[in-house]
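Ever wondered how the words people use for a protein model are actually earned? Take a look at this one, and let's go through some of them.

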Amino acid sequence: MKVFGFHLISVFAVAHAAFVPSSKIGANKASFLNVKARGEGYGSPLDNISETIGNTPMVKISDRIAPEGRTIYAKCEFFNPLSSVKDRLALSIIETAEKEGKLKPGDTVIEATSGNTGIAVAMMCAQRGYKCVITMAEPFSVERRKLMRMLGAKVIVTPKAGKAGGMVAKAAELAEEHGWFLCHQFETDANWKFHELTTGPEILNDMGDTKLDYWVTGYGTGGTYHGAGKYIKEKSPDTKIVLAEPEAANLLASGIATERNDDGSPNGSHPAFSAHPIQGWTPDFIPLVLEKGEELNLKDEYVAIPDGVAVEMAQSLAKNEGILTGISGGATMWAAVETAKNAPEGSVLVAMLPDTGERYLSTPLFASISADMNEEEMEIAKSTPSYILE
């Protein structure tokens, strides 16, 4: 079955699924119900890279991080082909535009992004043969610019002072001047509808007969929250939805609405915004996609993320779980852990991990990680006589 041009395949056929030897499946059938045997293969070859988008796995977090008596699963969106949840958005926007006749061969696609959407849009443009231009505010990590250019995109860097609103305005200006197709990720219904069609069903299907007590997410555009949250509330009304945002940029908590242009884009910076380190989360305006989700009253609980804890949790996930996620993933997991501490014993939570930690090499996430050997490593090197780097 194909939806939006990609195969809806079960978790048994995800490209990045965990694998176990066939001999162990019989020994503990329940534990390995959704796990393929190593060597079994993916399935039939796919037509193109976009068909690998979605069906990302959920991974249990150990009691080194999860509070005792509570179960937390991480929905690992870095298993998408370009390593972020935004691959879903890009696929939906491009294929919706093609279906509606808004894109034709040789056209140019433009979008404003903190990085992940731009990388995903550049991937889709490369696969479909479109030209791609990305506008991106100066503070976002340089590795994201390089990845987009590697995928063939032109990256227009906007001044830091303009914040996210500046890069959005620049993209609209360029689209109008040159007649390019503007993705409108912050406004388009194609964003949240794809999460309603895929992300939400994946979570509940993979939970099986296990009751999901809490679903925890943050927001960038609000597409995951709006779409997956809508599906989860409709199919599992007792599940509590927890929405997080940076304490330093408490736009939702402020109760102040974003002023908008006729197309739904922001008309100026939100007064409650201040700079925060969680790249991809909470631009300096409330996206229309998020606002529409809030109108559905999906949110049951709200968590403000204090400064520093997102980086600490992302580092903890790497060192304790072997899970390499970005600062936004650390923020979401911190919110999930704090929620779990106050949840009834036996509660089950799912936290969204939007992307990979490799996208943050030049950010505070890796500031304490040295490329050179430290004293302990030098001591190990000198414990045998050969090949010692002086």
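Below is a short back-and-forth about a predicted model.

Q: What makes β11 and β12 a pair of strands?
A: The cut-off is at least two bridges between the strands. β11 (residues 214-217) and β12 (residues 240-246) are joined by four bridges, so they count as paired. The two strands run parallel. If you want to find one spot on the screen, look at Thr-217, whose bridge partner in β12 is Leu-243.

Q: How do you know that β5 and β6 pair, and in which sense?
A: Use that cut-off of at least two bridges again. β5 and β6 have three bridges, so they pass, and their sense is antiparallel. Val-59 has Ala-74 in β6 as its bridge partner.

Q: What about β6 and β14: how many bridges do they have, and in which sense do they pair?
A: There are six bridges here, and the sense is parallel. You can spot Thr-71 standing opposite Val-348 in β14.

Q: Why is the pairing of the sheet called mixed?
A: Strands of a sheet can pair either parallel or antiparallel. In this sheet β5 and β6 are antiparallel, while β6 and β14 are parallel. The six strands, in the order β5-β6-β14-β11-β12-β13, therefore form a sheet with mixed pairing.

Q: Which strands are the edge strands, and what makes them so?
A: They are β5 (58-60) and β13 (301-305), and each pairs on one side only. The sheet is an open one. Its neighbouring strands are turned by 25 degrees against each other on average, direction ignored.

Q: Which strands does helix α8 touch?
A: Helix α8 (residues 223-235) packs on the sheet and touches β11, β12 and β14. Its direction makes about 175 degrees with that of β11. Helix α7 (residues 199-207) lies across β5, β6 (71-76), β11 and β14 (348-353), and runs at about 140 degrees to β14.

Q: What makes the phi of Ser-83 worth a look?
A: Most residues other than glycine have a negative phi. Ser-83 has a positive value, near 70 degrees. You'll find Ser-83 in the loop between β6 and α2 (86-99).

Q: Where is Lys-163, and why is it called partly exposed?
A: Lys-163 is in helix α5 (residues 163-178), and its phi is positive too, near 55 degrees. Buried means under 20% relative accessible area and exposed means over 50%. Lys-163 comes out at 35%, so it is partly exposed.

Note on methods. Residues numbered from 1 in each chain as written. Predicted model: local features only at pLDDT ≥ 70, side-chain atom pairs only at ≥ 80, totals over all residues. Heavy atoms only, no water. Axes fitted to C-alpha atoms, helices over the stretch in contact; angles between N-to-C directions. Contact = heavy atoms within 4.5 Å. Buried < 20%, exposed > 50% of the residue type's maximum accessible area, 1.4 Å probe, protein only.
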